Structure formats: C-alpha cells, structure tokens
Amino acid sequence: MMRAVTARANSNIALIKYWGKADAVLNLPTTSSLSLTLDHTWTTTTVAFDGGQGDADAVTINGTVPTGTARERVVRFLDLVRERAGVTRRATVASTSTVPLAAGLASSAAGFAALAAAASRAAGMDLDERSLSRLARRGSGSATRSIFGGLVQWHAGDDDASSYAEPVACAVDVAMVVIMLSNARKSVSSTEAMRRTLDTSPLYPAWVSHSREDLDSALAAARAGDLPRLGEVAEGNALGMHAAMIAARPGIIYWLPDTVAALHAVRALREEGLPAWATIDAGPNVKVLTSGSQAEEVAARLRERLPGATVSVRRPGAGVQIDAGEAGAREDAS
Ligand code: PMV
C-alpha cells in the first residue's frame, strides 16, 4: 500500500485561548479553549509514504525545504503516524498555504490539521474526526480545533483520549476582521512563551482559573446569539493572556506600537456603535470579532483609522477535507 493523499484544513482563531501545556509531549492544555475556523485560510498538504529521498522524509512548505525546528516538528509527527500505522517507509510531504505563513493567521493550526489528515490516510488509517483531532493535537495544540468548521471547543481533558475538539452550537452571525500589522516572524515561539508564562508569571494562575468562567460565558453567549457578550469575554480573555505573559520573567511582549493603536481603533469603533472586539495571539497582529452583516463596514472603518495595515474579512470556514479523488487515483500496489 502506497498512495499519495491530499488534505486541506483552514486556520482558526481562538476566542477563549489555549495558553499553556499541562503535558508538553501529549500537548495537553491547562485550559479548554474555543475558536472560530476561518474561511479562505487553507493549507493543502499531500503525503505519500514512498520512501522519501535519500532515506529521509522529503518535506517542502510553499516550495521550500524547511530546516531546524520547523522540519523536526514535521518529521516527529510523521514518526508518530508511522508508529501508529505500522509503516516504516519515509514520506514525501508537500504543503502549500493560501495565506502567507507570517500573516498572523495561526499557520500551524491549519498545517498540522492538514498533515494529520493526509498522513494518517496515506499510512492506511481511517480515522474519524475526533481521532483526527487528537492526532492533530500532537503536532500543534491549535491544530486540534482546525479539524472542524465554525465555532469549535477543545476539551482540555487529562489524557490523550479525553483531549479533543468538537463543533459547538453558534446562534451568532460572526465574522473576523484580520488586521495585519507586521509580517515579521515572532521573536519567541509559542511553545517557549507558554513554558515561560506557566513557570514564571505570577498572573498565570489567575488567568487559568478565570478561563473556565470565560469559556462558560462564551458558550452561553454563542448559544443565546449574544454577540456583545461573546465579544466582551473574548477580548477580556485575550488581554488577560497577554497580561500573564507580559508579567513572565523575563516578560514576553508580542505587541508593537501599532498593536496598541489597533486596540484603540477597535474601542473607538465600539463607541461609534459598531460591533467590534479584539483578540491577539502570539504575535503583533489583531483580529476583530464582529457580525457577519457589519464585517465590511467594520473593515472599511479600520482601514481609515489604520493606514498602513492590511485589513481583510474572514467568515466562518469549513473543517478538514480529504481529497479522495487523488487518494484513489494514485493508489499503487507496492
Ligand atoms: O499554535 P500553537 O499550538 O502553538 O498555540 C498558539 C496559541 C494561541 O494561538 C496564542 C492561542 C490559541 O488558542 O490558538
């Protein structure tokens, strides 16, 4: 059995954040999280366990060969799939992303969700979505959620089996406006930043304990169709996460001056009566939760206030998709 399988997954942005590992090997989080999968943020990945190249996995991301940690993470993930599937051959992996890798759109979420789906199927496994979500978690925490479309909850769990994501009911017509301020690669990886926050920030335990309440409020707001309540809790949860990491020793400051300007612009829009609440991840860019019907207006007003920023509208997107056509067509009898 040797076949090439192509899968694609969209990125997601957390409204209630994942920030901290209770188990760094299994990627078990300290808190449950809630995210929105976005449209038009696909990563498409093709995997074949075809022997790779020169006794090693042959990996390309957007046409270039990754090195260092970026490569190691992919190879380690392929090792896990090989171990589970009883496959020994090295693989060829080709991944392309429709959004630039540094666009502040959580590329590892889409990347490892697509890799989990393509690699597991190429290795002959037929996993259901929950199992795929658990597997994607091992590549990157946020990838756990990108298996599913729309609003998605990741149950923290306390072992491999109980830590997975699933879609949740959403009666709110939501959209995200992405404010891209900088293309620069982040100075501290999220893995390192999480570890430092967890180990040294006196504010971290407070954020963790409040996070449960935030999640319950967000879920209730989503069910009730209450966008302002969902927005307020999402913005508060993200600012609290950043407060905790800023208080780490030494402090982690992902924000740039433009990040603060964007936060103030979002507040100004709210004062004008527009629905807009900010969230920020492990980087300087700002994403704005808004309503689907007013997303274009919010984006236009942000462009006026933030010249120099690239502002785009994303709507709820679909979960992971496996291209069965390619899987069948490339089947091989080795
Ligand atoms: O992409 P990861 O698994 O390294 O984690 C990133 C975590 C945040 O994006 C900052 C928050 C989240 O829940 O996605």
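**Close-up views of a predicted model**

**View 1. Gly 86 sits in the loop that joins α1 (68-85) to β8 (92-97).** The model shown here and in the other views is predicted. Gly 86 has a relative accessibility of 65%. Gly 86 is classed as exposed because this value is over the 50% cut-off. Gly 86 and Ala 123 are separated by 37 residues in sequence, and their C-alpha atoms are 8.3 Å apart in space.

**View 2. The ligand lies between domain 1 (5-169) and domain 2 (174-314).** Why is the ligand placed between the domains? Both domains give residues to the shell around the ligand, so the ligand lies between them.

**View 3. The ligand is surrounded by 13 residues.** The closest are Tyr 18, Ser 140, Ser 142, Arg 145 and Ser 190. By residue type, the shell around the ligand consists of five nonpolar, five polar and three charged residues.

**View 4. Side chains of Ser 140, Ser 142 and Ser 190 approach oxygen atoms of the ligand.** In Ser 140, a polar side-chain atom is 2.9 Å from an oxygen atom of the ligand. For Ser 142, the distance between an N or O atom of the side chain and an oxygen atom of the ligand is 2.6 Å. A polar side-chain atom of Ser 190 is also found 2.6 Å from an oxygen atom of the ligand. On its own, the ligand has 380 Å² of accessible area, and the protein covers 94% of this area.

Methods. Residues numbered from 1 in each chain as written. Predicted model: local features only at pLDDT ≥ 70, side-chain atom pairs only at ≥ 80, totals over all residues. Heavy atoms only, no water. Near = heavy atom within 4 Å. Polar contact = N/O pair within 3.5 Å; in protein donor to acceptor, adjacent residues only side chain to side chain. Areas by Shrake-Rupley, 256 points an atom, 1.4 Å probe, with all protein chains shown as cover. Nonpolar A, V, L, I, M, F, W, Y, C, P; charged D, E, K, R; others polar. Domains from an automatic or database assignment. Helix = DSSP H or I, 4+ residues; strand = E, 2+ residues; numbered from the N terminus. Buried < 20%, exposed > 50% of the residue type's maximum accessible area, 1.4 Å probe, protein only.
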